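Welcome to a short guided tour. Open your viewer, get ready to select residues by number, and follow along stop by stop.

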Amino acid sequence: MKELQQFIPLIMKSGLYNEHLFQTKLVSLFCRFGSLNDAVKVFDPIESKVDPLYHTLLKGYAQQSNLDSAMKFFSRMKHDGISPIVYNYAYLMKACADKFDVRRGKQIHAQLILNGFSDNLYSMTSVMNLYAKCREIHEAYKMFDRMPEKDLVCWNTVIAGFAHNGMPKRSLELVSAMQEEGHIPDLVTVVTILPASANIGNLRVGKSIHAYAVRHGLESYVNVSTALLDMYAKCGLIRTARHIFDSMSSKTVVSWNSMIDGYSQSGDYSEALDLFQKMLDEGLRPSNVTVMGALHACANLCDINRGQFVHKLVIDSGLDSDVSVTNSLISMYCKCKRVDLAAQLFHKLRMKSLVSWNAMILGYAQNGFTIEAISLFCKMQEKNMKLDSFSLVSVITAVAELSVLRQAKWAHGLAVRTCLDKNVFAMTALVDMYAKCGAVHTARKLFDSMGDNRHVTTWNAMIDGYGTHGFGEEAVELFEHMCSKGSVINPNDVTFLCIISACSHSGLVKQGRKYFTMMKEKYGLEPKMDHYGAVVDLLGRAGQLKEAWEFILQMPVEPEINVFGAMLGACKIHKNVDLGEKAADKLFDLEPDDGGYHVLLANIYAIASMWDKVAKVRTLMEKKGIQKTPGCSSVDLKNEVHTFYSGSVKHPQSERIYAYLGELIDRIKEAGYVPDTSSIHDVEEDVQEQLLNTHSEKLAISFGLINSSPGTTIHIRKNLRVCGDCHNATKYISLVTEREIIVRDMHRFHHFKNGVCSCGDYW
């Protein structure tokens, strides 16, 4: 640009400035270098303007300015008596397509026809491109079908249109039709249809295209190689993708992005980040897509340190003004459990997109900030932002975590009012929500109403719902139906985790072990650490502690925290000190952050009256700064959630609650309740009972009974596992008060009615 400015005085001295050829060339060069103002300064003073001058400046407006300015200049051109040529319409069509402005695109299309260009191949191809980019692919195909002659560019345009509009099969069919018409696919065709074959997971077609590219010498082009590695990665052949990547003589940022994304999609987030670091080491400047891929990997690894490193890189690269990048940062911080940092970014973001709101709402919901999630969702509605299925799923997730049936009905009503009650993802979230709010039968009704419009996640949600409610037989029946010959959906790794867990909650050891074997032998799914943990839990809960320990020792991979944690929990249930100590030793070597495991070991010792070892565990916790998570229980009443902590007296009705609870304890004792004080030490017996009677769930239940009418079901949400004494007491409370009490703890639901729990005392 600087050289061009210096060149102008030479043109003027040579007397060539008034020559139309030089004037047109100057306008063209200024437009090409992005200096439209300078182009206009050359154009405006010219008294006798020739047609090419107008056409050149219009092209500049269409490519460098906003659409309004281009349309205004087009009107001026016609006012000045300049007859439009076909290229004018093509430039404007492209500008409309880039801005997704189909309304003005149709106006230009009408003028194009009126000016006699409806049979022009070049102009009609630009019309097709407009409709395809504006998601009116069927209109684009109508234009294509009416064209008497079609060249390769025309075919490539319609093929790309179908591929980019989510119809990859149709785009591949058109490639075959194109070849039948005598056209040979070129580089553009290959780059277009490789992603199409990847999107439908058709490796055979992808390999055929690869072979075609090799035969026609196209493989060496960087965009073809990039498309090939992307195809192989999406089809699950990540090693083949990496081989292509490593063999590329030159790589673009898009090549690196595709390989990084390939590792992320295959679940190898560590390798994705290693490749990202290698890209930086080679001096390449990452794009917004690159950092979003890296942040996605950090989020899934919960690696806050590398996430903050990428955040700093974003700021240094000037990408922090990119809304999409900020949205990725918000998601990363939420998944790394730093909602505070995510909220700071969200509130600083000036131009919040719908994705920004969705990410923050979901982040709050997934980190237990349910009230904040629902409040933020309401603020979003106040700003008249049109919600989508992701917005609805985000707030439904919060309601599910809150576990309040009243709020669940509100969320369901919202889905109906926004016409999203047919959306498979919204409906799946509703199924999951109702199950987590204690209404598992309502969840099943919704599940059945979906018919064939069910996703694998829908099946997973319903199976998991049955499992957490202790309806193992129903979960098994549903899973068997899913695996039947008539079913079109195959179970995935999450399905097997849900069904094994369901079997664990209901003591169905034989079925659970069968499904663990089935996932690999029948479906080729490699068990993950969560599956191994579920099997240990399955065996351990059933009292098969030796088998569970042997299973751990025979694992083909190194056991992680969840596996030893499941073993420790089982040892606590069945009071096995020896295996409990072994599991704890292995567990603490892995340095878990959760203090609950130390509490479990302390409880095992307490039940065995090994108080000296209890003291040692508590001392160890103090040294490491590990704190026990305080138990709390919540109950919903009259549009307000009331939360109680053990021994708390802060509630306005505390005096009344404790008085009622004292009377209630006397009543259930008369019915046969005997307090279990085995885990309490160093205090008198009456004090032991007093400590038991102030557990949070007893306070919440008492509050619910006092403030609700007879016959009303009480819904309680507990943040920890229900203790044995409270479980026993609640059975008797349901008997003497003739109330149904539904308690959701951190693992499952307990339905107490007439002195019996749905878990059958197996939890």
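Begin by selecting Val635 and Ile716: Val635 stands opposite Ile716, which belongs to strand β3. Keep in mind as you look around that this is a predicted model.

**Stop 1: the sheet**

Now show the strands these two residues sit in. Strand β1 (residues 632-637) and strand β3 (residues 714-718) pair in the antiparallel sense, over three bridges. Select Ser633 next, and you can find its bridge partner in β3, Lys718.

On which strand do four bridges with β3 land? Colour strand β4 (residues 741-744): four bridges join it to β3, and these two run parallel. To see one facing pair here, pick Ile714 and Ile741 in β4, which stand opposite each other. Strands of a sheet pair through backbone hydrogen bonds, either parallel or antiparallel.

Zoom out to the whole sheet. Six strands make it up, in the order β2-β1-β3-β4-β5-β6, and the sheet is open with mixed pairing. Find β2 (640-645) and β6 (756-757) at the edges: each has a single partner strand, so one side of each is left without a neighbour in the sheet.

Is β3 mostly covered or mostly open? Four of its five residues are buried, so "mostly covered" is the description that fits.

**Stop 2: the cores**

Select Leu57, Met360, Met433, Ile499, Tyr515, Met567 and Leu568. Within the largest nonpolar core, which has 221 residues, these touch the most other members. Helix α26 (residues 424-436) gives this core its largest share, nine residues. Apart from this core lies another, of 27 residues, and among them are Leu699, Ile716, Ile733 and Phe752. You have met Ile716 already, opposite Val635.

Go back to Met567 and show what surrounds it. Leaving out residues up to four places away in sequence, Met567 touches Val536, Leu545, Ala548, Trp549, Ile552, Leu579 and Ala583.

**Stop 3: two tyrosines**

Is Tyr597 buried or exposed? Select it in helix α36 (residues 596-607). Tyr597 counts as buried because its relative accessibility is 17%, and buried means under 20%. Not counting residues up to four places away in sequence, the contacts of Tyr597 are Ile561, Gly565, Leu568, Leu587, Phe588 and Pro592. Try a distance label between Tyr597 and Leu587: they are 10 residues apart in sequence and 8.3 Å apart in space, C-alpha to C-alpha.

Now jump to Tyr87, in helix α6 (residues 86-98). With 41% relative accessibility, Tyr87 counts as partly exposed. Add Ile85 and Tyr122 to your selection, and you have a nonpolar patch on the surface with about 280 Å² of accessible area together.

**Stop 4: salt bridges**

Side chains of opposite charge can pair when their charged atoms come close. The count of salt bridges in this model comes to 28. Select Arg76 and Asp44, whose closest N and O atoms are 3.6 Å apart. This pair links distant parts of the chain, 32 residues apart: Arg76 is in helix α5 (residues 67-79), and Asp44 is in the loop between α3 (36-43) and α4 (51-64). Add Asp80 to see a network of salt bridges linking Asp44, Arg76 and Asp80.

For your last selection, choose Asp246 and Arg242, a salt bridge with its closest N and O atoms 3.0 Å apart. They are separated by about one helical turn, because they are four residues apart in helix α15 (residues 238-247). Arg242 is buried, at 15% relative accessible area, whereas Asp246 counts as partly exposed, at 44%.

Notes: Residues numbered from 1 in each chain as written. Predicted model: local features only at pLDDT ≥ 70, side-chain atom pairs only at ≥ 80, totals over all residues. Heavy atoms only, no water. Patch = residues over 30% accessible without salt bridge, like charges linked within 9 Å, V, L, I, M, F, W, Y side chains within 5 Å. Areas by Shrake-Rupley, 256 points an atom, 1.4 Å probe, with all protein chains shown as cover. Salt bridge = Lys/Arg side-chain N within 4 Å of Asp/Glu carboxyl O. Buried < 20%, exposed > 50% of the residue type's maximum accessible area, 1.4 Å probe, protein only. Pairing = 2+ DSSP bridges. Core = buried A, V, L, I, M, F, W, Y, C linked by side-chain atoms within 4.5 Å. Contact = heavy atoms within 4.5 Å.
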